[in-house]
Structure formats: structure tokens, C-alpha cells
Amino acid sequence: MSSGPGAPSAPAPAPTTMFSSLKIRNYRLFATGQVVSNTGTWMQRIAQDWLVLSLTGSASAVGITIALQFLPMLLFGLYGGVLADRLPKRQLLVATQTAMGLTGLALAVLTLSGHVQVWHVYLTAFLLGLVTVVDNPARQSFVAEMVGPEQLANAVSLNSANFQSARLVGPAVAGVLITAVGSGYAFLLNGLSFIAPLAGLLLMRNSELHKVERAPRGKGQLREGLKYVAGRPELIWPIVLVGFIGTFGFNFPIWLSAFVNNVYHSGASTYGLLNTLMAAGSLAGALLAARRGTSRLRVLVVAAVLFGLLEIVTAFAPQFWIFAVLLVPIGMFGLTVNVTANSSIQMATEPAMRGRVMSLFMMVFVGGTPLGAPLVGWITDTYGPRIGFAAGGAVAMAAAIGVGVMLARVGGLRLKIDLRRGRRHVEFVPREQLATAA
């Protein structure tokens with residue numbers, strides 16, 4: 001029924017500001033818990049690598065630990081998405097966050113008692129990876145239930161800002177703890193840090209969650225999820241792009257350590273500085289994405305092209321300070337790619353399929369790194385850090401251009417070039433508009 005002239009109009013949706021989703025109580029509880037546990041997670045990552053190195057004296061052993069932690073996502077990631085779609089996400093997250101806290105406490109007990117061996121670290125890393133298989137898609141898709149579609153892009157961006165803030169603080173705290181009292185206390189604090197997200201989950205109000213239909217138990221749900229993504233260009237092409245960038249463009253531990261050792265002949269403090277600069281750029285990218293409030297595929301493609309181009313330029317930076325400064329925009333555009341892909345995929349996915357789609361997204365982005373790292377490492381060792389870094393950037397940029405062309409074709413767009421002053425020189429326009437102009 002149409003409303004008459006005197007009828008009150010429907011209230012317009014609240015404008016998105018940088019921190020607008022934090023006005024929602026449930027999400028505020030979630031974000032507070034995550035900033036505490038993310039800081040603990042970064043502490044454990046640093047302490048775990050240091051412990052393995054001190055037990056074995058082998059960098060390869062550190063690589064094995066990292067591979068074991070990411071391997072479950074590569075092997076079983078899609079099954080985690082099926083569980084996330086089938087089970088209530090809040091209760092599922094209580095279970096996964098508890099299990100993750102227990103792995104940290106177990107490693108703390110072994111280390112502080114002096115009984116820890118390298119296979120203990122391997123085992124806990126693998127178990128943590130198994131829990132992450134379910135935790136990641138459940139946590140990613142639960143954001144929509146807390147904030148609703150209007151604030152989804154903002155909340156996804158703030159999640160990334162949250163993670164990057166912890167990345168700035170956690171390693172520094174871990175370094176102080178390891179030096180002062182040893183790795184065991186870093187594991188202990190990480191285990192205890194999961195009390196914060198558990199408290200947040202338990203304090204949430206069910207009545208304020210956005211209800212979504214859960215997928216019923218049945219056969220073929222994994223295949224159904226893959227078929228769903230394959231039939232939607234707005235899902236499959238961003239996932240393909242993120243896969244290429246995650247596999248070939250995000251191997252910064254390899255590149256930065258090689259530049260520090262072989263090009264600039266410096267030490268651990270310089271390596272820490274470069275990581276801090278990149279984390280600062282990533283945090284800026286997350287906050288800018290939160291302020292933008294929308295997730296457009298053109299932003300994703302442009303950010304990915306600039307990300308790859310900057311990696312190529314930075315690889316051949318003639319001086320250290322230029323190399324260091326360029327890491328800030330690399331971090332910013334890399335994070336923009338991740339956040340924009342994440343939020344655009346979630347917004348384009350039906351709620352009942354969101355867990356499976358996000359598990360595929362995380363499997364491709366995170367699981368691709370163990371596959372690409374050996375190849376990127378071989379290129380870096382054989383041809384030098386500059387060629388290795390530039391090669392990763394070239395693959396990322398080529399993938400972004402290719403995906404951009406495919407999305408333009410699917411959307412019926414054509415490239416328009418206008419060299420007249422005061423006009424937008426390069427843009428994609430509908431085919432009909434281009435034909436009319438011609």
C-alpha cells in the first residue's frame with residue numbers, strides 16, 4: 001500500500017562512519033575480545049618460532065612448524081565451511097576458542113616445566129591448524145549475524161584493523177617476555193587471552209543477533225558450495241584473484257629476511273622495523289576501508305594492480321630508506337585487497353552458504369602460501385631478492401589485470417579512453433554508452 005502525503009517516511013539507514021559498527025553491543029563485545037586474543041596469537045607466533053629455532057638451530061624446522069599450522073586449512077578448509085553453515089556459529093566459536101586457548105596452555109606447561117621437545121611444538125601447531133579450519137569460516141560469517149548487511153563492510157574492515165593493531169603490539173610484547181623470562185610465559189598469556197573472546201561470546205544477547213537460516217544436514221553440501229561459487233562470477237573471480245595474490249604476492253617473510261641479510265647486510269632489528277612499517281600500512285588500509293563503508297569490485301582490482309606494481313618498484317629501490325618507506329603503501333594496498341574481497345564476497349553470498357564460501361576464500365588465501373613459498377624461495381635464492389620480490393609482484397599485477405578484464409566482460413563493460421582536458425581519462429563504461437558516444 002502506498003503512503004499518502006502525510007504519512008511518515010521510512011527512516012534512512014544510518015550513514016557509515018569509521019567505527020559505526022562498534023555502536024552495536026554484540027559486535028563491540030566481539031571486537032574487544034578479539035583484540036586481546038589477537039595480541040596473544042601474535043605473541044605465540046613469535047615465541048613458537050623462537051622456541052623451535054632454539055631447540056633445533058634449524059630454520060627449516062621453523063618452516064615445518066608454519067607448514068603444519070597452515071596444512072589443515074589447505075586439506076580440510078572446505079569441510080570447516082560445511083560445519084560453519086550447519087551448526088549455530090556462536091556455540092561453535094565458544095568451542096573453537098576454548099580449544100585454541102587450551103593449545104596455548106598445553107605448550108606453556110610443557111615449556112615452563114622444561115619437558116618441551118620439538119615434536120610437541122609440531123603437534124600443537126597442527127592441532128591449532130585443525131581448530132582454525134572450523135574457527136575461521138565460523139568467525140568470518142558470524143560477523144554478518146552480529147551487525148547485519150548494512151554494517152557488514154565496516155565490521156569486516158574493523159576486524160582487519162583489529163588484527164593489524166595486534167600485529168603491532170604482540171611481537172613487541174613477545175620479544176620483551178622471551179628476553180626477560182622465556183617463551184613459556186608468552187604461551188601462558190596467549191592461552192589466558194582467550195578468556196576475553198569467550199566472555200564476549202557468552203555475554204552476547206541472542207535476541208539482537210540477525211537470524212540466518214542454517215543449512216540442514218545432508219549429503220553433497222561440499223559439492224553444492226563449490227557449484228554455488230562456480231556459477232557466480234562476482235564470487236569466483238575475486239577468489240581467484242586472492243588466490244594468486246596470497247600464493248605469490250604475500251611471501252614477505254622470505255623477501256624481507258633476504259633483503260635484510262643479503263642486500264642491506266643488517267640484523268634482526270632492521271627486520272623488525274620493516275615488518276612494523278608494513279603493519280602500520282596495513283592498519284591504515286583497514287581503517288580507510290572501514291571509513292569507505294562499501295566494497296566495490298573495481299576497488300579490489302585497482303588495489304591489486306597497485307599492490308603488484310608497488311612490489312616491482314620496491315624490489316629495485318636504490319636505497320634502504322626508499323625501500324622501507326614503500327613498504328607502508330604495499331601494506332595498505334595489500335590489506336585493501338583482502339578486506340574488499342572479504343566483504344564483497346560476504347555481501348554477495350546467501351546466508352545459508354556463507355560458511356562454505358568463506359572457507360573457500362580462506363583456504364585459497366591462507367592455504368596457497370605453503371604452495372607458493374617454496375617456488376618463491378627458490379627464485380629468491382637463485383636469482384636474488386630483487387628478482388624474487390619483483391616476480392611475486394608481477395604475478396599479482398598480471399592476475400589483477402586478468403581478473404579485471406573478466407569482470408568487465410561479465411558486467412558488459414568496455415574500456416573508455418578520453419584524453420580531453422577535464423575529463424576522466426580512463427574508465428569502464430557500459431557497452432551501450434560507448435556505442436552512443438561513438
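## Overall picture

A residue counts as buried here when its relative accessible area is under 20%. By that yardstick, 47% of the 438 residues in this protein are buried. Keep in mind that we're looking at a predicted model.

The fold has 16 helices and 2 strands. As for how the chain comes back on itself: take the contacts with a separation of 6 or more, and 83% of them link residues 24 or more positions apart.

## The nonpolar cores

The largest nonpolar core holds 50 residues, and the members that touch the most others are Leu241, Phe252, Phe323, Ile330 and Phe389. Helix H14, spanning residues 354-383, is the top contributor to this core, with 9 residues.

Phe252 is a handy place to zoom in. Setting aside neighbours within four places in sequence, Phe252 is in contact with Ser257, Met278, Phe307, Glu311, Ile330 and Phe389. Two of those partners, Ile330 and Phe389, also appear among the core members that touch the most others. There's another core as well, lying apart from the largest one; it has 27 residues, including Leu92, Met146, Val147 and Ala155.

## H3 against H6

Now for some helix packing. Helix H3 (residues 89-112) and helix H6 (residues 183-193) pack with their axes 7 Å apart, at an angle of about 155 degrees. Angles over 145 degrees count as roughly antiparallel, so that is the label for H3 and H6. The crossing of H3 past H6 is left-handed.

On the H3 side, the contact uses Gly101, Gly104, Leu105, Leu107, Ala108, Thr111 and Leu112. H6 answers with Ser183, Gly184, Tyr185, Phe187, Leu188, Asn190, Gly191 and Leu192. Sorted by class, that gives 8 nonpolar and 7 polar residues, with no charged ones.

## H5 against H13

The second pair is helix H5 (residues 152-180) and helix H13 (residues 320-347), whose axes come within 9 Å and cross at roughly 145 degrees. Here H5 passes H13 in a right-handed crossing, whereas H3 passes H6 in a left-handed one.

H5 brings Leu152, Ala153, Val156, Ser157, Ser160 and Gln164 to the contact. From H13 come Leu335, Val339, Asn342, Ser343, Gln346 and Met347. The class split is 6 nonpolar and 6 polar, and again no charged residues turn up.

Notes
Residues are numbered from 1 along each chain as its sequence is written. This is a predicted model: local features need pLDDT of at least 70, side-chain atom pairs count only at pLDDT 80 or more; totals for chains, interfaces and linings use all residues. Side-chain values use heavy atoms; hydrogens and water are left out. A nonpolar core is a set of buried Ala, Val, Leu, Ile, Met, Phe, Trp, Tyr and Cys residues joined through side-chain atoms within 4.5 Å. Buried means under 20% relative accessible area, exposed over 50%, partly exposed in between (1.4 Å probe, protein chains only). Helices (H or I, at least four residues) and strands (E, at least two) are DSSP runs, numbered from the N terminus. Contact means heavy atoms within 4.5 Å. Axes are lines fitted to C-alpha atoms, for helices over the stretch in contact, and angles run from 0 to 180 degrees between N-to-C directions. Angles under 35 degrees count as roughly parallel, over 145 as roughly antiparallel, 65 to 115 as roughly perpendicular and the rest as oblique. A crossing is left-handed if the near helix is turned anticlockwise from the far one by less than a right angle, and right-handed if clockwise. Ala, Val, Leu, Ile, Met, Phe, Trp, Tyr, Cys and Pro count as nonpolar, Asp, Glu, Lys and Arg as charged, and the others, Gly among them, as polar.
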